[in-house]
Amino acid sequence: MRQLYIGGSWTASASDESIEVVNPATEEVIDHVPAGSPDDVESAVAAARRAFPSWSRTAPAERGKLLAAAAELLRQRADDVAAAIATDMGSPLGFALKVQTLMPAGVLASFAQLAESHPREQRVGSSLVVKEPIGVVAAITPWNYPLHQIVCKVGAALAAGCTVVLKPSEVAPLAAYELAGILDEVGLPPGVFNLVSGRGPVVGEAMAAHPEVDMVSFTGSTAAGRRVAALAAETVKRVALELGGKSANVILPDADLKLAVKVGVANCFVNAGQTCSAWTRMIVHRDQYDEAVRLAVEAARGYTVGDPFDESTRIGPLVSQVQRDRVIRYINRGQEEGARLVAGGTERPHERGFYVEPTVFAGVEPGMAIEQEEIFGPVLSVIPYTTEDQAVSIANGTRYGLAGAVWAGTEERALALARRLRTGQVAVNGGRFNPLAPFGGYKQSGVGRELGEYGLEEYLEIKSLQL
């Protein structure tokens with residue numbers, strides 16, 4: 001069984017319990033990680049607290065140098081890390097390499113640069129405003145992008161001068177262990193980064209409630225985020241939350257319909273639909289609705305479901321049996337509420353593995369569960385509208401506001417509608433994801449931002465020196 005990483009050393013957990021790591025494509029147990037305990041959290045937080053004074057005073061250039069070295073080592077080991085992610089999480093290998101591994105390496109390198117270049121002082125009248133690292137950070141991360149979500153938090157926190165205790169998802173923890181080994185190898189000082197594996201109700205809650213933790217950064221479900229925020233409030237610590245989404249893809253009548261549908265389907269199904277920012281609601285004018293549904297079904301049928309290590313696979317398994325059961329329940333509920341299943345469904349495409357066919361619903365109306373709730377699987381809802389105001393109302397009509405897209409005949413028209421969406425990111429006419437731009441949401445999609453300079457700012461306190 002693997003160990004915890006505390007105070008610069010690999011160490012046994014205080015708990016004798018272990019957690020099985022399951023390959024979702026084969027349903028076989030491939031590894032075990034410690035279940036972790038509140039005592040482990042206590043040890044890790046103490047190590048991070050001891051390391052904070054020295055690390056926070058370390059020259060930003062030196063912090064950046066260590067992060068740059070880690071980013072380079074991650075690039076060198078990208079094939080192995082991607083294989084680990086494809087194995088314990090189920091992403092197709094090509095996606096696991098390009099998006100799940102090399103993109104985080106680039107993000108880590110960007111934080112290496114920001115460690116030195118981000119301004120920390122500003123004169124405001126007769127005052128000097130300085131920005132200082134907030135302290136010990138508890139980072140609690142999910143399984144769907146198991147390395148990227150870690151790097152978004154750990155890279156920013158370390159660049160800012162904070163120390164970190166990380167709890168990766170126990171469902172897909174192998175990438176976290178790969179990163180811990182890299183940070184150890186590049187010579188990160190003991191206690192600056194610590195890893196405690198375990199379950200959220202035990203390890204995660206102990207971290208969120210710990211009085212010596214200055215900030216909690218959490219990515220996961222909105223329900224779990226509310227619990228983290230409530231626990232953190234007891235000690236009045238800063239909380240950053242990156243939560244759920246039910247993002248809208250609004251296609252205006254003068255847009256390139258074929259392109260908008262093709263890209264929209266791809267965005268919805270990427271990572272087997274296990275993406276918080278996926279465009280799971282396609283909102284199309286009634287005059288083009290039937291054609292959009294036809295194009296979506298045609299596109300969905302081009303997505304091969306299979307082994308993550310097969311080059312022809314475009315959709316791998318869902319991460320677990322629990323996740324597959326959840327998605328199947330939503331597909332059944334969509335049909336019960338009167339939506340029309342036009343592609344995919346509940347049948348198993350393979351005897352083994354937690355697979356779900358790419359699924360498309362037509363006849364979806366605002367207010368249906370599949371239109372309102374985050375499914376976290378390859379399920380697309382196509383929704384008609386009549387007026388532009390109605391399209392905006394539907395797009396803004398959920399409790400979420402994480403991402404979205406707008407397609408129009410001109411950039412000017414697309415931008416005008418994008419400004420009306422209550423969401424943290426909007427892709428305009430196919431604009432690509434920018435890992436240097438701020439990522440986060442409105443409403444119940446979260447609090448705070450990740451990535452780039454905005455992500456770094458989350459880990460800094462502001463002090464005013466009156467001169």
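Is Ser-197 buried or exposed? The points below work towards that residue, beginning with the chain as a whole.

1. What you have in front of you is a predicted model, and it should be read as such throughout. The protein chain in it contains 15 helices and 20 strands. Its radius of gyration is 22 Å, close to the 23 Å that the globule rule gives for 467 residues, so the chain is as compact as a globular protein of that length. Along its principal axes, the C-alpha trace spans about 65 × 60 × 40 Å.

2. Turning to how the chain is packed, buried residues account for 57% of the 467 residues. If one takes the contacts between residues at least 6 apart in sequence, 72% of them join residues at least 24 apart.

3. The surface and the charges can be taken together. The protein chain exposes about 18,200 Å², and carbon and sulfur atoms supply 49% of that area. There are 43 positive and 54 negative side chains, and the centres of these two sets lie 5 Å apart.

4. Two residues deserve a look for their backbone angles. Glu-27, which is not a glycine, has a positive phi near 65°, and it is found in the loop between β3 (18-23) and β4 (28-34). With a relative accessible area of 31%, Glu-27 is partly exposed, because that value falls between the 20% limit for buried and the 50% limit for exposed.

5. The second of these residues is Val-236, whose phi is also positive, at about 50°, although Val-236 is not a glycine. Val-236 is placed in the loop between α8 (222-233) and β11 (238-242). Its relative accessible area is 74%, which is over 50%, and therefore Val-236 counts as exposed.

6. We can now return to the opening question. Ser-197 sits in the loop between β9 (193-195) and α7 (200-209), and it is buried, with a relative accessible area of 1%. That value is under 20%, so the residue meets the cut-off for buried even though its place is in a loop.

7. Which polar contact does the side chain of Ser-197 make with another side chain? Its partner is the side chain of Tyr-177, at 3.2 Å. In addition, a polar atom of the Ser-197 side chain lies 2.8 Å from the backbone oxygen of Pro-34.

8. Finally, the surroundings of Ser-197 can be listed, leaving aside residues up to four places away in sequence: it touches Leu-4, Val-33, Pro-34, Ala-35, Gly-36, Pro-168, Tyr-177 and Val-203. Pro-34 and Tyr-177, named in the previous point, are thus among these neighbours.

Definitions and conventions:
Residues are numbered from 1 along each chain as its sequence is written. This is a predicted model: local features need pLDDT of at least 70, side-chain atom pairs count only at pLDDT 80 or more; totals for chains, interfaces and linings use all residues. Side-chain values use heavy atoms; hydrogens and water are left out. Helices (H or I, at least four residues) and strands (E, at least two) are DSSP runs, numbered from the N terminus. The radius of gyration is taken over C-alpha atoms; the globule rule is 2.2 Å times the number of residues to the power 0.38. Buried means under 20% relative accessible area, exposed over 50%, partly exposed in between (1.4 Å probe, protein chains only). Contact means heavy atoms within 4.5 Å. Accessible areas come from the Shrake-Rupley method with a 1.4 Å probe; for residues, only the protein chains shown count as cover. Lys and Arg count as positive and Asp and Glu as negative; His and the chain ends are not counted. The place of a charge is taken as NZ of Lys, CZ of Arg, CG of Asp or CD of Glu. A polar contact is a pair of N or O atoms within 3.5 Å; within protein, one must be able to donate a hydrogen and the other to accept it, and residues adjacent in sequence count only if both atoms are side-chain atoms.
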